[in-house]
Amino acid sequence: MTKGADKESGGIDWSQYQADGFFDEMITPKGGARRASQRVVKHLAQLSREELESRRVAAESTVRDMGVSFTVYSDGENIDRTWPFDLIPRVISAKEWEQTASGLMQRVRALNLFINDVYHEQKIFKDGVVPEYLIKDSKNFRPECVGINPPKGVWAHICGCDLVRDADGKFYVLEDNLRVPSGVAYMLENREISKRVLPELFETNNILPVDDYPAKLFNMLASVSPRKVRQPEIVILTPGIYNSAYFEHAYLAQQLGVELVEGSDLFVDTDDCVYMKTISGLEQVDVVYRRIDDLFLDPEAFHPDSILGVPGIMRAWQAGNVTLVNAPGAGVADDKVVYAYVPKMIEYYLGEKAILPNVETYLCDDPEQLKYVVENIEKLVVKPANESGGYGMMVGPHATKKDHEEFRKLVQENPRNYIAQPTLMLSTAPVVTGPGEAEPRHLDLRPFVLQGTDLAVTTGGLTRVALKKGSLVVNSSQGGGSKDTWIIAEGGAK
């Protein structure tokens, strides 16, 4: 493997890089570059330290110039922060990704069949594959959705599945995000930043594109329009500028060429159709890509004091006059307890073995498994069933004895609301830590799956990386950052 030239002037000195016993996605245990990464590793070693530092600074200024930010809620305040971006891309071979994408499509097909079954015949419960009480006790089950038939039978049109690699280097599904999955705009912006600061690597590597996502998203949204018109009216419904993902809402509206609206911009008339208020009058809306949680979507159906939603929009959806993406009630399959049963769902609905395995999961509502969790809590990651963003969880080996006792009490008081998983040997990849210096950091991956008339998976996804040494928490709201994800075709050369 090529090592850094002169230690004073060379780029990254890979001979100093130590992955500390974890599976590293770029460097092998013997210190060589993995096959798909060879050109990238060599190039980063050959750049001078000054050049590498100037690229890093250029990436930071590009993030600021492009206005890429996210909002953190802290002490009652909304703080806008610049998106933390690491220069070194994450590299995955196209051959491996092809198998992973097949597993993701298989999973989303089964999840949609499950959600449809939940709100109709509930055969999977009657056949004893999934216990019915999980749904009766689910915070995300919506009785208002029973009997509804969304176009194409699709409830979760956009799914963000979180993947991790363990010590064996295999991808595992960590969780499914089916309510209002976010992050795709950052995936697209990461690619734009990479192209600006490492353009020569795009000339020498066959890096598969991600910039077709907005077109695929638009086509998917159009394919589920209830009206068969040449140009369906599609809108993105945002809670407004104070939402943590508002940057993404505005970015996607601009990329798709559709209107970004708030609840007050829409109106449901007596014909149970949704209309958008425009300067030239009312325009009927066919598809609402909503970025508002179920309970705030319609004050007539859910929280009566919600000012974010649209009064009557559930009526319009139930009448089949508008498509809501993702459909209300889709979160019933977003539950981390339900997640444990997805491999069984795949076998039940599709007659296939799961291509992508789940992470081993202990269900605290099973007395034997609860006993194991309580006795081994210091070794496990304990998660609440319906939280997201890394909130409400405890990583046993990194927690205090006080935390252990608190979570023992929580899981015993409300076992249905908790799962536990082994503390994974999460894979690592290098991040720039100083001029000519790189260190391993843990990371995950969120690909996005679209389902309408057809199924499509992003080429890669959003890689989130724990920027703090030793940390397993990758969420940007809790100190994580991001990398561009490169799917490189076999051989690497363009």
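What is the volume of the second largest cavity? In this predicted model, the second largest cavity has a volume of about 40 Å³.

**Cavities**

The count comes to 2 cavities of 30 Å³ or more. The largest cavity has a volume of about 60 Å³. Its lining includes Met-187, Val-210, Asp-212, Tyr-213 and Lys-216, together with Phe-448, Leu-450, Ala-456, Val-457, Thr-458 and Thr-459. Three elements each supply at least two residues of this lining: helix 8 (213-223), strand 19 (448-451) and strand 20 (455-457).

Around the second largest cavity lie Ile-158, Arg-179, Val-180 and Pro-181, then Tyr-289, Arg-290 and Arg-291, and finally Val-325 and Asn-326.

**Second largest pocket**

The second largest pocket has a volume of about 310 Å³. It is lined by 19 residues, of which Tyr-17, Gln-18, Ala-438, Glu-439 and Pro-440 are the closest to its centre. Strand 18 (residues 437-446) gives the largest share of the lining of this pocket, 6 residues.

**Linings by class**

The table sets out the volume and the residue classes for each space.

| Space | Volume | Nonpolar | Polar | Charged |
|---|---|---|---|---|
| Largest cavity | about 60 Å³ | 7 residues | 2 residues | 2 residues |
| Second largest cavity | about 40 Å³ | 5 residues | 1 residue | 3 residues |
| Second largest pocket | about 310 Å³ | 5 residues | 6 residues | 8 residues |

The charged residues in the lining of the largest cavity are Asp-212 and Lys-216, while those of the second largest cavity are Arg-179, Arg-290 and Arg-291. Asn-326 is the polar residue in the lining of the second largest cavity.

Terms used. Residues numbered from 1 in each chain as written. Predicted model: local features only at pLDDT ≥ 70, side-chain atom pairs only at ≥ 80, totals over all residues. Heavy atoms only, no water. 1 Å grid on protein atoms, 1.4 Å probe; cavity = no way out; pocket = protein on both sides within 12 Å on 5 of 7 lines; lining within 4 Å. Points joined across faces, edges and corners; volume = space filled by probe spheres on them. Helix = DSSP H or I, 4+ residues; strand = E, 2+ residues; numbered from the N terminus.
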